[in-house]
Amino acid sequence: MSERVKKAAKPYLFLLPMVVFAVGFVYYPFLKTAAQSVSNVNFRGEITGFAGWENYRYLFSRREFSIALGNTLRLALINVPVTLVITVFLAFLCAPVRRGHTVYETMLTLPMAVSMASITLVFKVLLNPSVGYLNYVLGLNIGWYEDRHTAMAGILMLTVWMGIGFNFLLFLSAFRSIPPDILGSAELDGAGKFRTLFAIQLPLISPTVLYVLCTNMIQAMMTSGPILILTQGGPSRSTLTMIYLMYTAGYSSANYSLAACVSIVTFLLTLTCTLILFLMERKRVHYQ
Amino acid sequence: MKRIRDTGLTLLCILLGCLVLFPVFYGLMGAFKTPAEFIAYPPTVLPASFLHTDNFRAVFTQVPMLRYFLNSFIVAASSTVIRLVLAVFAAYAFVFFDFRGKKTLFFLLLGTMMLPADTVIITNYQTVSRLGLLDTYLGMGIVSFVGASQMFMLRQQFMMSPRPLREAALMDGCGDMRFIVSILTPLCMPALATLFLQSFIAQWNAYLWPLLVTNTNAMRTVQVGITMLTTIEGTNYEMVLAASAVAMVPAAVLFLALRRQITRSLSGGALVG
């Protein structure tokens, strides 16, 4: 091989490994999922014929689909704003560097290192109706994960908790990257703390807000772990989510074409969210 | 006046921190309780004695917890290393070379972030199963070798390192590989350490994929293993809490030890996006 060819090939060689895995484990499975969603697929995952929209029509006609879709949207639409308000508030409080700030910063970021499985098991006990501490403290007598009216609320408490650490850290650094002289002049002009927050700080950190909204929305739509461990979609489907439905259809029942349909619908949902948020960005977000 | 207010705010922040960490604290404390303490009313947070370690002993004897740990460690460490190596190579190509299809390839790799991994999990399961990789470390790690966000951040990092530096190094007869290993990566160590930590914690805590691709007890990861405990007969609350405590400690310790690096590179803007 001549020097020239070698030199021209070099960047491609550096890129090759990552491209291979990106194609093999992201794009190929995505296209295959799309193909399976419009095909007849046997239990071994082989495509046996073209089905057109039949799988989708079947899926949309199923009661569990509309329930899963409703639950997933509800979960995302509550989880995201709640997490956002909590973490922005916490970061706003913690933004000025005070003595001992590392103590509470560490405490508030630690949830990002706690595993989903661990904290889910803790919540299982914490929210247990007979031995759990939450009912005792609040003076309630709620079955939480065993009652179809409260199971989703219990899942939400858990997912909001899981989102605190990383989002707090992002907002904290966003608040701190605002030049101090901007805040100083606002203070001189007599603007109060909360006035400054809404009129100056929030617009300035809006790129971070948008990023958090996007990633949290997608994450919330992917919620499946806590469901698998705590409720298996129950009681009476009250916590059935899209990914859990996909998991049971594909993995437990080997109904691959149905699982593929669910997965494509979920993907389109996340894509829509991302697009909406990015269109909002064009209008609202101020870059520094 | 200002000092009093600052102290008040500090206390408030610490209080909120305690509130947020309460579930973790409750879990850790509960792991030391006896069954009798657990069903006692009113329920308590603190155990009667920290010397009661039966629950931890049970966690390590009733299930192969050490094996789970080993599995988790191997999978998390190796897939994180491979992910970062691939990301370094790709970022290197994008920053230091001009070539045809550069933009297309960049967006091809970045575009993987638009496709959430969980939505293709069933088809990836079919692929891994067809490759005969079920129940293997490679099968557990292979889907996380692509880290588009890591690649993106490394690209930002590399762009900050002066391009003449590479030209000078190459002039002196330094090859690309040697440049990457002995000049570029040391320059970007803080960012790499953070990316490693973040990725390792994420892999250590992964649940759905390891659950799917392992089917023998000996190959389970810690996270999957501890949830299996709840299906074993005779498992009680305090044992479940001991298991979850055991599973959360390594990642938490790692996080606490390297927290400074994370926050620093975050506030440097390296991790936003």
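The exercises below, each with a worked solution, concern a predicted model with chains A and B.

**Exercise 1. Confidence in chain A**

State how confident the predictor is in chain A, and find the helices where confidence is lowest and highest.

Solution. Start with the whole chain: chain A has a mean pLDDT of 88, and 98% of its residues reach 70 or more. Next, go to the helices. Confidence is lowest in helix H8 (residues 180-188) of chain A, with a mean of 80. It is highest in helix H3 (residues 63-94) of chain A, at 94. Then look at the surroundings of H8(A): zero of its nine residues are buried, and the helix is hardly covered. Gly190(A), with a positive phi near 85 degrees, follows H8(A).

**Exercise 2. Elements and extent of each chain**

Count the helices and strands of chain A and of chain B, then decide whether chain B is a compact globule or more spread out.

Solution. Chain A contains 13 helices and two strands. Chain B contains 14 helices and zero strands. For chain B, compare the radius of gyration with the globule rule: the value is 23 Å, whereas the rule gives 19 Å for 273 residues, so chain B is more spread out than a compact globule. The C-alpha atoms of chain B fill a box of roughly 75 × 70 × 35 Å along the principal axes. For chain A, the C-alpha trace spans about 75 × 70 × 35 Å along its principal axes.

Burial and contact range complete the description. In chain A, 46% of the 288 residues are buried; in chain B, 44% of the 273 residues are buried. Among contacts with a separation of 6 or more, residues 24 or more positions apart account for 67% in chain A and for 77% in chain B.

**Exercise 3. The strand pair of chain A**

Describe how strands S1 and S2 of chain A are joined.

Solution. Strand S1 (residues 39-41) and strand S2 (residues 47-50) of chain A run antiparallel and are joined by three bridges. One partner pair can be named: Ser39(A) is bridged to Phe50(A) in S2(A). Between the strands, the hairpin has five residues, and Gly45(A) in this hairpin takes a positive phi near 85 degrees.

**Exercise 4. Interface and core**

Work out which element of chain A gives the largest share of the side that touches chain B, and which residues have the most contacts inside the largest nonpolar core.

Solution. Contacts come first: 72 residues of chain A are in contact with 75 residues of chain B. Helix H1 (residues 3-37) of chain A supplies the largest share of the chain A side, 16 residues. By type, that side divides into 50 nonpolar, 16 polar and six charged residues.

Now take the core. The largest nonpolar core has 160 residues, and Met18(A), Val262(A) and Ala90(B) have the most contacts inside it. Helix H7 (residues 151-176) of chain A gives the most to this core, 16 residues. Leaving aside residues up to four places away in sequence, Ala90(B) touches Phe14(A), Leu15(A) and Met18(A) in chain A, and Leu109(B) and Met151(B) in chain B.

**Exercise 5. Thr248(A)**

Place Thr248(A) in its element and classify it as buried or exposed.

Solution. Thr248(A) is found in helix H12 (residues 242-252) of chain A. Count its C-beta neighbours inside 10 Å: there are 20, so Thr248(A) counts as buried. As a final step, relate it to Phe166(A): the two are 82 residues apart in sequence, and their C-alpha atoms are 30 Å apart in space.

Conventions
Residues are numbered from 1 along each chain as its sequence is written. Chains are lettered from A and ligands numbered from 1 in the order in which they are written. This is a predicted model: local features need pLDDT of at least 70, side-chain atom pairs count only at pLDDT 80 or more; totals for chains, interfaces and linings use all residues. Two residues are in contact if their C-beta atoms, placed from the backbone, lie within 7 Å. Helices (H or I, at least four residues) and strands (E, at least two) are DSSP runs, numbered from the N terminus. Ala, Val, Leu, Ile, Met, Phe, Trp, Tyr, Cys and Pro count as nonpolar, Asp, Glu, Lys and Arg as charged, and the others, Gly among them, as polar. A nonpolar core is a set of buried Ala, Val, Leu, Ile, Met, Phe, Trp, Tyr and Cys residues joined through C-beta atoms within 7 Å. A residue is buried if 20 or more other C-beta atoms lie within 10 Å of its own, exposed if 12 or fewer, and partly exposed in between; C-beta atoms are placed from the backbone. Two strands pair if DSSP finds at least two bridges between them. pLDDT is the predictor's confidence in each residue, from 0 to 100. The radius of gyration is taken over C-alpha atoms; the globule rule is 2.2 Å times the number of residues to the power 0.38.
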